[in-house]
Protein chains: 2
Amino acid sequence: MTTPAPLLDRLRDRGWRVTPQRRAVAEVLTGEHVHVTADEVLERARTVIPEISLATVYNTLGELVAMGEVLEVRASRGPVRYDPNVHTAHHHLVCTECGKLLDVTPTGVENVGLSGAEAHGFVIDDVDVTFRGRCPDCA
Amino acid sequence: MTTPAPLLDRLRDRGWRVTPQRRAVAEVLTGEHVHVTADEVLERARTVIPEISLATVYNTLGELVAMGEVLEVRASRGPVRYDPNVHTAHHHLVCTECGKLLDVTPTGVENVGLSGAEAHGFVIDDVDVTFRGRCPDCA
DNA sequence: TTGAATGCAAAGTGTTTGCACGTGC
DNA sequence: GCACGTGCAAACACTTTGCATTCAA
């Protein structure tokens, strides 16, 4: 139905052992769902593999994050959200009241970076820009 | 020894009931300690009020955050850090390996903002910019 | 005096881990 | 076949909560 996840191919190439569970998690993330929690991934993966466990979901998500295929997004409260949209630069807008989370791509922030001296010797992997406020419903 | 916390005055003006515990927490945050955890605040506050409880520390920190006097900083793992430096615009640099946390004030990022349309009707309170990477020790 | 703040401990939430069993390569 | 992945449940780290007691104003 959806596109046949090139994600899985990439993972196999990296030596990933492809199991039904991992495939299910990858498929959930390949869909259009933008910011899912581990529980939501579990719930959706269960429609394909009813016996998949939360531990496996966490394991898999953790590996995907480590491989740079998925981004962790933490709002002020509540569980971590996983964002499979790593290939389009974007930032986040989060409601401190209800936790609503939106993508934003403000103009003029794309080139946020650190000069050599400012990096304090760090190897920078990524920059996370989060706008906090209250959404129309909560304000 | 340090400056006599105008923070407390500000809080009293806002109708805060000033208790020894709250004073102790405020004093910890008035010091030069940049990014403290709730436990560290407890530990330091105990040197003044040995019987202060963790619950009170959390209560007080939560109120200070709600009042905008303290900022919450969440690294990838571990407990929330509290940053009393709200009056100088700055961003954070965090090591994804060991959790080390540094302040940075990169040039050219000060005016990060959202245009009306981009805000999606949100009332923006603040912007949080976090650079993630590995520190010299971990890289 | 009196409502707000405190301390304690128990409950909660989200995530990680240990280990026996199962399975992709 | 064997190392790696899985499911389960218990452990875990951090934070919040309920309630009787204390105390700042």
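This is a working chat about how two protein chains meet each other and two DNA strands in a predicted model.

Colleague: What should I know before I start reading numbers here?

Modeller: This is a predicted model, in which local features need pLDDT of at least 70 and side-chain atom pairs count only at pLDDT 80 or more, while totals for chains, interfaces and linings use all residues. Residues are numbered from 1 along each chain as its sequence is written, chains are lettered from A and ligands numbered from 1 in the order in which they are written, and side-chain values use heavy atoms, with hydrogens and water left out.

Colleague: OK, how many residues from chain B and chain A take part in the contact?

Modeller: Chain B brings 38 residues and chain A brings 38 residues, where contact means heavy atoms within 4.5 Å. The area buried between chain B and chain A is about 3100 Å², and carbon and sulfur atoms give 60% of that; buried area is the accessible area (1.4 Å probe) that two parts lose on being put together, summed over both.

Colleague: And how many salt bridges does the rule find across that interface?

Modeller: The rule finds four across the interface of chain B and chain A, a salt bridge being a side-chain nitrogen of Lys or Arg within 4 Å of a carboxyl oxygen of Asp or Glu. Arg134(A), for instance, forms a salt bridge with Asp125(B), with 3.0 Å between the closest N and O atoms.

Colleague: Which element gives the most to the side of chain B that touches chain A?

Modeller: That is β6(B), which gives 12 residues; helices (H or I, at least four residues) and strands (E, at least two) are DSSP runs, numbered from the N terminus. By class, that side of chain B has 20 nonpolar, nine polar and nine charged residues, with Ala, Val, Leu, Ile, Met, Phe, Trp, Tyr, Cys and Pro counted as nonpolar, Asp, Glu, Lys and Arg as charged, and the others, Gly among them, as polar.

Colleague: In which sense do β6 of chain A and β6(B) pair, parallel or antiparallel?

Modeller: Strand β6 (residues 123-134) of chain A and β6(B) pair in the antiparallel sense, over 11 bridges, and two strands pair if DSSP finds at least two bridges between them. Within that pairing, Asp126(A) has Arg132(B) as its bridge partner.

Colleague: Switching to the DNA, which residues are closest to strand C?

Modeller: Of the 17 residues that surround DNA strand C, the closest are Tyr58(A), Arg17(B), Thr19(B), Gln21(B) and Thr56(B), and a residue is near a strand if one of its heavy atoms lies within 4 Å of it. Sugar and phosphate make up 79% of the atoms of DNA strand C that come within 4 Å of the protein.

Colleague: What does Thr56(B) reach on that strand?

Modeller: An N or O atom in the side chain of Thr56(B) is 2.6 Å from a phosphate oxygen of DNA strand C, while a polar backbone atom of Ser53(B) is 2.9 Å from a phosphate oxygen of that strand. The largest share of the surface near DNA strand C, three residues, comes from α4(A).

Colleague: And strand D, what does Arg17(A) reach there?

Modeller: An N or O atom in the side chain of Arg17(A) is 3.0 Å from a base oxygen of DNA strand D, whereas a polar side-chain atom of Arg22(A) lies 3.1 Å from a phosphate oxygen of DNA strand D. To the surface near DNA strand D, α4(B) gives the most, with three residues.

Note on methods. Polar contact = N/O pair within 3.5 Å; in protein donor to acceptor, adjacent residues only side chain to side chain.
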